[in-house]
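Thank you for making time this morning. I would like to walk through one model with you, going from the inside of one chain to the places where the chains meet.

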Amino acid sequence: MVRNLTAIRGRFSLVLLFVVLLSGFSGVVKVQAETIKIPVASPFTGPLASFGEGVKNGALLKADEINAGGGINGKMVEIILGDELCDPKEAAAVATRFASDPEVAIVIGHLCSSATLAALPIYKEAGLPAITPASTNPQIGKSSPYYFRNVYKDDFQGDFLARYAKQVKNFKKVAIFYEVNDYAMGLKNAFIRKSKELGLQIICAESYMAETADFKAQLSKFKMMRPDAIFIPGYAPQATLLISQARSLGLKCAFFGADGLDDEIMLKNPDADGLFVTTPFLVDRGGAKVKDFVERYRHKFAIEPNWFAANTYDAVGIAAAAIAASGLDREKIRAYLAGISAKEKAYQGITGATYFDENGDCLKPAFVKVVKGGKWVSAQEQLQ
Amino acid sequence: MHLDDRLFSDKKLYLPLLAAVLVLPWLPMGTAGPYVIRIATLTLLYMVLAQGLNVVPGFTGLLDLGYVGFFGIGAYTAGLLTVHYQWSLWLVLPLAVLNGALWGVLRGAPTLRLSDDYFAIVTFGFSELIILVLKNELWLTRGPMGVPGIARPDLFGRVLDQPWQTYYLILFFLLLVLWVVVRIRSSRLGRAWFAIREDEIAAECVGVNVARYKIIAFALSAAIGALAGAFYARWFRFIHPDMFKFWESILILCLIVFGGMGSITGALIGALVLIPLTEILRIVLPAEFSSARYLIFGLLIVVMMRWRPAGLLPVERE
Amino acid sequence: MLNALLEQSSLFLQQLVNGVTLGSIYALIAVGYTMVYGVIQLINFAHGEIYMLGAFLSFSLVSGFFGIGLPFALAVTIAVLVCALAGVLLDVVAYRPLRKAPRLAALITAIGMSIFLQNLALLIWGAQIKSFPREAVPAFLFAPALQFGDVVISWLQIVILSVAVILMVFLQLIVHYTKIGRAMRAIAQDQTAAALMGVNVNRVVSFTFALGSGLGGVAGILVGLYYNAVYPTMGYFAGIKAFAAAVLGGIGSIPGAILGGGILGLAEVFGGGYISSSYSDGIAYAVMILVILVKPTGLFGRLSRDKA
């Protein structure tokens, strides 16, 4: 009898569980929306959340502007955020979700190159066009006809940095400390290639992993080789630790990096004074359009826009133009984007003119900025 | 009679269950359809994993903290062979399973004399070393960049690109694995395992070849893990060292602790409840909490050990 | 030629300094594992999380994360005390009810607590790496103390080493020359007999947890300052390495844990600097597995039959 009772209770609780689970699912089922969905994939939480913040704000600002002007062909734009923590695994999951949603016709994202490369085959197979505002690895454009970007590539950025280091900074010996990921390694390779050409000596290249916090063993090694500068292809959260640890070991050389180090966190680190980085966007280099963007951005979010915000703002603009011209048809949108192939057809945004080559890549200028007294300052000497 | 014995013999029990699982992809679910099928596929995958893990701690009583290592070996074997040679699933899968079993034996052989926590620690260290190799041997695994663009599963030369097709595929693997473990459980082999679990020395005294039976358990468990890995690589189409972190071992352990260690049905129920729960939590919780949702699992383990150490479906001693 | 030799020897000395610093931190954490294992034969998987808690608490109190910023010394003291208390709570809430249960149950619970605490920290503080605000920490810590040519020893490294040495001496004094220390040793030898002789086992176990967790908390604070980084998963990696150090020294032995910590710290730094930086984490795992397989008693082990 007692056994029977527990059996019944057991069965009852199983049924209850099913009900709970199913009600959980029904929450997932969404009502057919009357808006145009533009998904934006980026790290919105996790270590690189501050990059994603710019992406999110840039997208929202553009969407507001479009909606205030009556939307796209009368329909309001809705930004859907896909948080992937800059983690390739999460990126693949987010990409699958977007690719299987029939209402999604174009994706903006992802931010980290490794995340973009993980998502790329999924979009490619679903025939879903995507614009990345921030991934700079050279492989991306070549690997899929559905991937476009409104940011420069690492071979350009690496070349640029090598020239800057040699010609402007007059460095003789540079050490490289790079993170193992698609972005940083692409950058490192491009930098080394150009340095050889220019006769800039690379004395050592060491790597670190995303979860590393102890850089002292390798930095001690660098120190004995007396480099003029250490190049850090990687992301800001670790670069700031790395620089502090280097200083505590008595390394006095210069540090520089690429757009992955362009983050507010650097400004809080007194050791980072003098660090210079490349960036695709400088506020004081733009015209009236840029000033207007910066003012509206400050007003809405009460912070300064970074380059992620500016590039995403333009990427959403391009996406909206594509949808306005070709509706929510993935194939037609791809064709529209591929058609922006020459300077005269370019999209005119706040980051300048954007048009794509046969791979979906684009040419954009790079600028240099420096940490000075807890602020980003445009470098006095820029390179063309 | 324990549910495990009835699982494959009692028609009244298994026919309705099988029918329910088979119709699931065809239920009207609107736009949520692909998503629900995805979670269902994930759940079945974890059921396979839970069955594989269950063989070692459940049947032989040794706590394996590095099970996910075999999942990873299977996934990378299948994933890399697919990317480099474009081989069919039905060619890479047996190779992945064999490779998994091989590593199961290699890892198991030196640990035969260890008991309890030392076995647990060695298995843990083993899976951490595997992750380290996956992360550092860039020439082979692309390290922390992962392996993207793995081909989908195929059958008779046709690509399985519909969600329901992969769902049926993993269902097939699950039934296969269940058939094997249910059969073994009531065989001579299974009885030898249970004897080892209850008292290793006593088992040895009555003539059970403990070393041999343990090795068989390690090989079988690892092979099932690798099978799941091979499917996972072809289904998810992207593999990364972080997918095979220690945490995954704990998640799978959690599934069998919840259902009751050593219980085949328990492992199924553990996965049925907990895997959809994680996915629902991912959506329901606000973004800043969703990455901390595993907190619940830690708590669940502690609570289960305190109040229901034998799980929801305890295995009766025979 | 002479120059290269000089370069190599200063690199060696610098790595030696780095290795000793790392080793003394591992030793501080490892004694926590070893003491708990000594009295209740439990691998306290959540010990690494206590260490992480020490780092986060001191960071939060110093930087005003909880609303008020406290002076450095006060914040550090509070953090260490809270860690000690958290260790006791951990035992009372999670492990004590399972004292009579199979050992696997307690081990699984310890893993559960580790996951729980790590995610709790993630929830409270987020995944972002936190750094101590420079102005809130005594400035001299970051300045170089001694400099010979290219070899730099910072004040922080000196502080870490001296704190570790002082605490270890203190610990040995407690274990060998106090009443409660004697009770700890008695329980480690035979719990039932000790209880029969009138030792209050629960009290002694709580004391052990408080002591071990306090030391873990100190280590967490020192590391947080040393790398200037505090993050939720820091306890996981440091915990494994310290555990490996405890195994190497012979789990259950306090001098063993100290020696094991030192060896592992040096092995990691020299392995990372001279052989391969990417596999330096693997040294800990490899040492751990090899010791267990080849000589489970470690360097100073005194395992009884049933624990092997």
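Before anything else, let me fix one term: I will say that two residues are in contact if their C-beta atoms, placed from the backbone, lie within 7 Å. Please keep in mind throughout that what you see is a predicted model.

With that term in hand, let us begin with chain A, for which the domain assignment gives domain 1, made of 36-152 + 286-365, and domain 2, which covers 155-279. The centres of these two domains of chain A, taken over C-alpha atoms, are separated by 28 Å, and where the domains meet, 14 residues of domain 1 are in contact with 15 residues of domain 2. On the domain 1 side of that contact, the elements giving two or more residues are helix 2 (49-68) and helix 4 (113-126) of chain A, with helix 4 giving the most, at three residues. By class, that side of domain 1 divides into eight nonpolar and six polar residues, with no charged ones.

Let me turn to chain C, in which there are eleven helices and two strands; read from the N terminus, the elements run α-α-α-α-β-β-α-α-α-α-α-α-α. The radius of gyration of chain C is 20 Å, close to the 19 Å that the globule rule gives for 308 residues, so chain C is as compact as a globular protein of that length. Of those 308 residues, 56% count as buried, and among the contacts in chain C between residues at least 6 apart in sequence, 75% join residues at least 24 apart.

What, then, does chain C touch in chain A, and how many residues take part? Here 24 residues of chain A are in contact with 26 residues of chain C, and on the chain A side the elements that give two or more residues are strand 7 (201-208), helix 8 (216-225) and helix 9 (236-248). Helix 8 of chain A gives the most, with seven residues, and this side of chain A has nine nonpolar, nine polar and six charged residues.

Finally, the contact between chains B and C takes 30 residues from chain B and 31 from chain C. On the chain B side, helix 6 (116-136), helix 12 (246-259) and helix 15 (295-307) each give two or more residues, and helix 6 gives the most, with twelve. The residues of this side of chain B divide into 22 nonpolar, four polar and four charged.

Methods. Residues are numbered from 1 along each chain as its sequence is written. Chains are lettered from A and ligands numbered from 1 in the order in which they are written. This is a predicted model: local features need pLDDT of at least 70, side-chain atom pairs count only at pLDDT 80 or more; totals for chains, interfaces and linings use all residues. Helices (H or I, at least four residues) and strands (E, at least two) are DSSP runs, numbered from the N terminus. The radius of gyration is taken over C-alpha atoms; the globule rule is 2.2 Å times the number of residues to the power 0.38. A residue is buried if 20 or more other C-beta atoms lie within 10 Å of its own, exposed if 12 or fewer, and partly exposed in between; C-beta atoms are placed from the backbone. Ala, Val, Leu, Ile, Met, Phe, Trp, Tyr, Cys and Pro count as nonpolar, Asp, Glu, Lys and Arg as charged, and the others, Gly among them, as polar. Domain bounds come from an automatic or database domain assignment.
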